[in-house]
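Colleague: I'm new to this one, so please walk me through it. Let's start with the picture itself.

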Amino acid sequence: RDMIRYAASEVGVERARNVFQQEYLEDDVLCWMLSGSPVFSPEALERLLQGCREPIRREGELWVWVLPKAGEAYCIGADPAEGVTEGHNSAAVVRNARTWEHCATLLGRIAPGEFGGRLVELARRYNGALIAPERNNHGHAVILHMVEHLRYLNVYKHQPRDGMVGDAQYGFPVNAATKPV
C-alpha cells in the first residue's frame with residue numbers, strides 16, 4: 001500500500017495500479033498481459049484467453065487438446081534442455097500443419113536422449129509429423145538420437161530461403177541471423 005501511495009503521488013493513481021500489477025503479478029496469466037510493454041494489447045489477449053480450454057487428456061508431461069486425425073499433417077517444434085532437476089524444461093508443441101491448431105504440448109525436465117525418443121513417439125502418433133528441433137546445445141544430442149538411433153528421418157533440415165543462409169543440416173539453428181526471421 002505504501003508503494004501504491006508513493007507511486008500515486010508521483011505518477012497518478014491509475015498508473016500506480018498498473019505499475020504495481022506489473023511488478024507484483026498475481027498469476028501466470030497476468031504476467032503475459034501486464035508485464036513491460038506488451039506487443040499485443042491486453043484486450044486482445046483477454047479475448048484469446050476466453051477461448052482457452054483444459055486439455056482433453058494428460059499423460060504425465062504430455063498434455064493433449066486435439067487427437068490426431070487421419071489424413072492430417074502435423075509438425076512439432078521442439079526446444080531441448082539439459083534435463084537436470086534444477087534446469088530448464090524441454091518443450092515441444094504439436095500443431096496441425098494446415099490449420100496451425102495447437103494439438104498437444106510435451107513439457108518437462110527430460111534428458112536429451114529421452115526427449116528425442118519422446119518426440120519420435122509423439123511424431124509417429126501424429127501421422128509421422130515433421131519434427132523441427134532447435135539444434136543448438138542439447139539439440140545435437142536429441143537429433144542424434146532421433147536420426148541415428150531411432151532412424152526417424154522426418155526431421156527439419158535448415159535450407160537457405162528468404163535471405164537466410166542454410167546448411168541442409170538437421171534441426172533449426174538459433175542464432176543472430178535466424179532469430180529475427
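Modeller: One term before we start: contact means heavy atoms within 4.5 Å. Keep in mind that this is a predicted model, where local features need pLDDT of at least 70 and side-chain atom pairs count only at pLDDT 80 or more, while totals for chains, interfaces and linings use all residues. Residues are numbered from 1 along each chain as its sequence is written, and side-chain values use heavy atoms, with hydrogens and water left out.

Colleague: Okay, which residues does Tyr 126 touch, not counting residues up to four places away in sequence?

Modeller: Leave out the residues up to four places away in sequence, and use that contact cut-off. What Tyr 126 then touches is Val 64, Val 66, Leu 67, Pro 68, Tyr 74, Val 94, Cys 103 and Ala 104.

Colleague: And which element gives the largest share of the largest nonpolar core?

Modeller: A nonpolar core is a set of buried Ala, Val, Leu, Ile, Met, Phe, Trp, Tyr and Cys residues joined through side-chain atoms within 4.5 Å, and buried means under 20% relative accessible area, exposed over 50%, partly exposed in between (1.4 Å probe, protein chains only). This core has 27 residues, and those touching the most other members are Ile 76, Val 94, Phe 115, Leu 119, Tyr 126, Ile 131 and Met 146. Among the elements giving two or more residues are strand 3 (74–79), strand 4 (90–96) and helix 6. The largest share, five residues, comes from helix 5.

Colleague: You're numbering helices and strands. What are they, and within what arc do the buried residues of helix 6 fall?

Modeller: Helices (H or I, at least four residues) and strands (E, at least two) are DSSP runs, numbered from the N terminus. In helix 6 (residues 139–149), the buried ones are Gly 139, Val 142, Ile 143, Met 146 and Val 147. They line one face of the helix, because seen down its axis they fall within an arc (taken from the directions from the helix axis to the C-beta atoms) of 105°.

Colleague: What covers those buried residues of helix 6?

Modeller: Look for elements in contact with that buried set. What covers the buried residues of helix 6 includes helix 5 (112–125) and strand 6 (130–133).

Colleague: Which residues of strand 6 are on its uncovered face?

Modeller: In a regular strand the side chains alternate between the two faces of the sheet. In strand 6, Ile 131 and Pro 133 make up the covered face. That leaves, on the uncovered face, Leu 130 and Ala 132.

Colleague: And what is the bridge partner of Ala 78 in strand 6?

Modeller: Two strands pair if DSSP finds at least two bridges between them. Strand 3 and strand 6 do so in the parallel sense, over four bridges. The partner of Ala 78 in strand 6 is Pro 133.

Colleague: How many bridges join strand 4 to strand 5?

Modeller: Strand 5 (102–108) is largely enclosed by the rest of the structure, because five of its seven residues are buried. Strand 2 runs antiparallel to strand 5, joined to it by three bridges. Strand 4 also pairs with strand 5 in the antiparallel sense, and there the number of bridges is six.

Colleague: Which residue in the hairpin of strand 4 and strand 5 takes a positive phi near 70°?

Modeller: Arg 95 has His 102 as its bridge partner in strand 5. The hairpin has five residues between the strands, and the residue with that positive phi is Trp 100.

Colleague: Now the charges: how many residues apart in sequence are the parts tied together by Arg 118 and Glu 61?

Modeller: A salt bridge is a side-chain nitrogen of Lys or Arg within 4 Å of a carboxyl oxygen of Asp or Glu, and Arg 118 and Glu 61 make one at 3.0 Å, N to O. Arg 118 lies in helix 5 and Glu 61 in the loop between strand 1 (57–59) and strand 2, so the distance in sequence between the parts they tie together, in residues, is 57.

Colleague: With which other residue of helix 5 does Arg 118 form a salt bridge?

Modeller: This partner is four residues away, about one turn of the helix. The closest N and O atoms are 3.5 Å apart, and the partner is Glu 114.

Colleague: Last one: how many disulfides does the structure hold?

Modeller: A disulfide is a pair of cysteine sulfur atoms within 2.5 Å. The sulfur of Cys 75 is too far for a bond, because the closest cysteine sulfur, in Cys 103, is 8.8 Å away. The number of disulfides in the structure is zero.
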